[in-house]
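Open the model in your viewer and colour it by chain. The tour goes from one selection to the next and says what is there.

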Amino acid sequence: MSRPKPSQPDATVLTGAHYLDGDEACAEGAIAAGCRFFAGYPITPSTEIAERIASRFPLVGGTFIQMEDELASMAAILGGAWGGAKAMTVTSGPGFSLMMENIGLGIMTETPCVVVNVQRGGPSTGLPTLTGQQDMMQARWGSHGDYEVIALSPSSPQECFDLTITAFGLSERYRLPVLFMMDECVGHMTEKVVIPPAEDIPVIERRWYRGPKESYLPYQAGPDKVPDMVRAGDDYRIHITGLTHDERGYPVINAACQSVCVSRLVDKIRDNAGDIVITDEEAVDGADVVVVSYGISYRVATRAIALARAEGIKVGSVRLVTVWPFPEARIAELSRKVKALVMPEINLGQMYRELQRAAAGNCRTLLIPHCGGWVHDPNDVLAAIREGAK
Amino acid sequence: MKYWRRPLDADHCRSPHGIVHIIINRCKGCGFCINYCPKQVLEFSRHFNRKGYHPPVVVKPEACVDCGLCGAICPEFAIWSTPNPECILDEPAEAKPA
Amino acid sequence: MSELLTTPAPGGPVVEEERHPHEPFLRMDRIPHIWCSTCGLGTVLNCYITAIQRSSVPRADHTIVSGIGCTGRAAGYVKIDSFHTTHGRALPFATGLKLANPRLKVTVFSGDGDLVAIGGNHLIHAARRNMDMTVICVNNFNYAMTGGQFGPTTPEGAKLTTAPYGSYEHPFNIPFLVDSCGATYVARWTSLHVREMIETLVEALNHRGFSFVEVISPCPTVYARRNRLGTGLDLLKYYHDSAEVRHGADTRDVDISFKGRIIVGRFVQRCKPTYLDTMDAALGRSVGKEFVCYEGPMQASDGRS
């Protein structure tokens, strides 16, 4: 099948400086990453991504479909990925809950795709129009069974663009649904977003199988534990199932196969964590207190850090760009050097549990909880920094 | 096959004749083929197969007309028919010329 | 005993080593399948494989998607690209496959519980969109894989483990449901009507748009046993006695009652633009010259197209 060039060469990547909100930037990032299949269901505050995709896809040769619900949206992008497209869906808390079973299917069948969750306050319908960071543990453990995930959390509209491309790259590289954990503030914040020239955008293509057809096994992995993929319609006669399966993709319902199958799904992320984990550190060396934050909470933390420094407190910052896998080795290392690790997050302690676990009592760990609906007051973060510096 | 009159093309047309193939150990003894064979070619074997079912057995091989029904209805892919190159004539003597 | 078994039966060859003509289309390393003796699922699968070969679609383009349940296992036995998805979600998964690679002939092969109960929302919307795919819905009137619970197709009065005193819910008339939602090809047969089923499946596979074939099929182990209906063979005899072929029947009239008549035939066959037809046409009209039609799936690096 030939790929006709877009009628306007600049239609795909809108190179230049723009004034975009995080949702729109995420949509542009997806298009720049090569996403050409989108299935979604409207939900605040993620809808603007779907709206942007719906208006942009007809110009760039993509297919947009609004499904009947989030269960369908998630299933459809898995189908789209096996059909040979880079695929994405977007949602918020309630829809994310509905997607969980099929996120598990994506993990089990090793299907590359990107799931965006523009988080709002929960539980249940909660605060549809107000922010939250309360789905962080759901991202990690929301689908049943044992598995590892990759989740990213952007802090600005620029990052919504850049990290969406990274998310697609990681999903193709490690073959799994990558969770893009935005929040309402980042999604609806409008800032300058610079879109680089198309040739400067690092797009990672699918790991196509290149060997002979006869010897293809859908789940035979190399040393990096990630198998190569084919697409439906190329006569490989693949069988793909959500059941525990062997290298042929055939269901095998016993403990031995479960051990091989599930261990590899987990190990392909754990073993490659060094390649996956992205943190953004600042002034960590010699700091007494390090603020560990992600998403919109990082933006609030930067203000508190500036105020603390004005008071003479040696404070550094670690921003979790990838929230999952959690950078536990780095946090453990820091915990032996600092007095306290401080974490503001818009929930009552989710990633904080990981922080505590990684710090293992080597230093104080302070949570600055927040129920959601609005971001932290920087003074609350400042107070925690002061407390940690004591 | 019996006709109410001798077919006009009886001297040069022959009704098809088939050979029944059975993979007896794949059979789960449902009896669909036996019951719905239009020519009653099959019966349950008195023997058990490896799974413990009674597979079909061909009792009237000469009656098979290769209609393919056994092959289509079998849920186990265990029986089918193929054309028998050695066609046999119908029983023209039984039908009187029109 | 094995000696006796491999001895040709009197008067006819019984061949052990030969290969069934469908074997090139079956994952023989997974045969025998899991379905019970006198279950009709194998028959429907058998007819589907015949229909694939008789359809005008090249083999490589045939793709089968199943959900969960006894029927959901069908995908695992056919040697074409096959996907065994989650419960109820075969249709949206299939929708994604079709839209990402419109060349594919996607068939959803699943059960009544999967398609009409948990997947009911997707069924009505796939029909409404006239999504270009074929759905084979094997209806055995119950959830068999989990041991025989009643479902949305169980006839009133039938006893099942979660309806021990008989089901008192009004069942769906599935052809009417999909017809009223916009399906452009609707047919029903029983697993006894193999020739008609094959013909219909070939038509359904060649049909452009949402084609839906319901196949009434015996569940001997749970449905028939609980309701003292005998074996699957006895149910085939019931189909034989109670089925009434009525092509073009008004789908409002084809509901099924417990031990009642079963109206079969091709009920609906109409032409209507498919989802992709309307999408491309509408976008082409409104977006104009700047519209770029979906460019197809990513090219695999070895140049396959």
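A salt bridge here is a side-chain nitrogen of Lys or Arg within 4 Å of a carboxyl oxygen of Asp or Glu. Select B:Arg26 and C:Glu23 for an example: their side chains meet in a salt bridge, with 2.9 Å from N to O. Between chain C and chain B the count is one salt bridge.

Before going on, note how the values were made. This is a predicted model, in which local features need pLDDT of at least 70 and side-chain atom pairs count only at pLDDT 80 or more, while totals for chains, interfaces and linings use all residues; side-chain values use heavy atoms, with hydrogens and water left out. Residues are numbered from 1 along each chain as its sequence is written, and chains are lettered from A and ligands numbered from 1 in the order in which they are written.

**Stop 1: chain C against chain B**

Show chain C and chain B together. Their contact (heavy atoms within 4.5 Å) takes 45 residues from chain C and 37 residues from chain B. The two chains bury about 3200 Å² between them, 63% of it on carbon and sulfur atoms. Buried area is the accessible area (1.4 Å probe) that two parts lose on being put together, summed over both.

There are also 14 residue pairs in polar contact between chain C and chain B, both residues being at pLDDT 80 or more. A polar contact is a pair of N or O atoms within 3.5 Å; within protein, one must be able to donate a hydrogen and the other to accept it, and residues adjacent in sequence count only if both atoms are side-chain atoms.

Which helix of chain C gives the largest share of the side that touches chain B? Select helix 2 of chain C: six residues come from there. Helices (H or I, at least four residues) and strands (E, at least two) are DSSP runs, numbered from the N terminus.

**Stop 2: chain A against chain C**

Now show chain A with chain C. This contact takes 59 residues from chain A and 54 residues from chain C. About 5000 Å² is buried between chain A and chain C, 56% of it on carbon and sulfur atoms.

Three salt bridges cross this interface. Select C:Arg129 and A:Glu68, whose side chains meet in a salt bridge at 2.9 Å, N to O. The interface also has 25 residue pairs in polar contact, both at pLDDT 80 or more. Helix 3 of chain A gives the most to the side of chain A that touches chain C, with nine residues.

**Stop 3: a sheet across two chains**

Select strand 10 of chain A and strand 2 (residues 81–84) of chain C, which pair in the parallel sense over three bridges. Two strands pair if DSSP finds at least two bridges between them. The bridge partner of A:His239 in strand 2 of chain C is C:Ser82.

Widen the selection to the open sheet of nine strands, in the order 10(A)-2(C)-1(C)-3(C)-4(C)-6(C)-5(C)-8(C)-7(C), with mixed pairing. Its edge strands are strand 10 of chain A and strand 7 (243–245) of chain C, each pairing on one side only.
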